[in-house]
Amino acid sequence: MATETQAAVVTGGGSGLGRVITLALAEAGWQVTAAGRRLEALNETASLAPAGTVHPVVADVGDADSVGALFDGVRQRHGRLDLLVNNAGTFGPGGSVDEVTPEGWNSIVATNLTGSFLCARHAALIMKDQDPQGGRIINNGSISAHAPRPGSVGYTTTKHAITGLTKSISLDGRRHNIACGQIDIGNAATDMTAGIATGAAQADGSVKPEPTFDAKHVAEAVLYMAGLPLDANVQFLTITATTMPFIGRG
């Protein structure tokens, strides 16, 4: 259970996993800044949380100035930052390496990778400077940080890169009491993954429905990671639908 002074930022907080994680943190006592591109969706998230626990902020994680303003606001409101959940991400545009345009590639990298870097950069600056020093960063990787789906070169590449980002932050953060871990999620049931339950492309060229699981279990896993003392860290946590075709994919 968090104290009233513990402050968190969740990116992509207006929908899907970001909303579920935001609400779980708020209900556990955290003060949560929910960041995203759509104010209406962020306000809806805030309306579902205990009064006064969620602060909606419109921000584009791929834009350096927007991210800077986001974290300046957090520092002004709370005076510190204890947790960043780097959740914002995009699947597309999809395609193989010869099908994705340079513009499409750059758009995926901007959100999934540069966005996570920019947010982690500002979070670390605050965490190093505050007293007591330190905090925690949790990056949303994916099953695609381990194995690709067909036609997902942009998404898969950025999610593999998130693993490198997690390891580097974890190592460099040690001397500043900054812990960094990664949660890799497979087929949590959200609007973003609704198509998987009806039919997903498989490595053999077929299209088959895949099982999903309740997204609340992702939020519970994040709460566990976030609730650890800073001298303990979940480096990598993988949570999937039990029978999804991941182990033995192909």
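In which hand, left or right, does α1 pass α2? In this predicted model, the crossing of α1 past α2 is right-handed. The two axes approach within 9 Å and cross at roughly 30°. On the α1 side, R19, T22 and L23 form the contact. They meet A41, E44, T45 and L48 of α2. By class, three nonpolar, two polar and two charged residues make up this contact.

Both helices also feed the largest nonpolar core, which has 37 residues. I21, L25, W30, L83, I183, I185 and V218 are the residues with the most contacts inside this core. Several elements each supply at least two of its residues. The helices among them are α1 (16-27), α2 (39-48) and α7 (216-227). The strands include β1 (7-11), β2 (31-36) and β4 (83-86). β6 (178-186) and β11 (236-240) contribute in the same way. Another core, of 25 residues, lies apart from the largest one. V61, L84, I137 and I178 are among its members. In soluble globular proteins, nonpolar side chains tend to be buried together.

L17 belongs to helix α1. Its relative accessible area is 16%, below the 20% cut-off, so L17 counts as buried. Beyond its sequence neighbours up to four places away, L17 touches N87, N140, I185, A188, T190, A215 and V218. Two of these, I185 and V218, are listed among the residues with the most contacts in the largest core. L17 and M192 are 175 residues apart in sequence, yet their C-alpha atoms are 9.1 Å apart.

T190, a contact of L17, sits in the loop between β7 (188-189) and α6 (194-198). T190 is buried as well, at 15% relative accessibility. Neighbours within four places aside, T190 is in contact with G16, L17 and A215. A215 is also touched by L17.

V61, a member of the 25-residue core, is placed in the loop between β3 (54-58) and α3 (64-78). Its relative accessible area is 10%, and V61 is therefore buried under the 20% limit. Outside the four nearest places in sequence, V61 is in contact with T11, V67, A88, T111, T114, G115, L118 and C119. The C-alpha atoms of V61 and G36 are 7.9 Å apart, with their positions 25 residues apart in sequence.

C119, one of the contacts of V61, raises the matter of disulfides. How many disulfides does the model contain? The count comes to zero. For C119, the nearest cysteine sulfur is that of C180, 13 Å away. For C180, in turn, the nearest is that of C119, at 13 Å. A disulfide would need the two sulfur atoms within 2.5 Å, so this pair does not qualify. C119 is buried at 1% relative accessibility. C180 is buried too, at 0%.

Toward the end of the numbered elements, F246 lies in the segment after β11. Is F246 buried or exposed? With a relative accessible area of 16%, F246 is buried. Leaving out residues up to four places away in sequence, F246 touches I143, H146 and A147. The C-alpha atoms of F246 and P50 are separated by 37 Å. These two residues are 196 residues apart along the chain.

Note on methods. Residues numbered from 1 in each chain as written. Predicted model: local features only at pLDDT ≥ 70, side-chain atom pairs only at ≥ 80, totals over all residues. Heavy atoms only, no water. Core = buried A, V, L, I, M, F, W, Y, C linked by side-chain atoms within 4.5 Å. Buried < 20%, exposed > 50% of the residue type's maximum accessible area, 1.4 Å probe, protein only. Helix = DSSP H or I, 4+ residues; strand = E, 2+ residues; numbered from the N terminus. Axes fitted to C-alpha atoms, helices over the stretch in contact; angles between N-to-C directions. Left-handed = near helix turned anticlockwise from the far one by under 90°. Contact = heavy atoms within 4.5 Å. Nonpolar A, V, L, I, M, F, W, Y, C, P; charged D, E, K, R; others polar.
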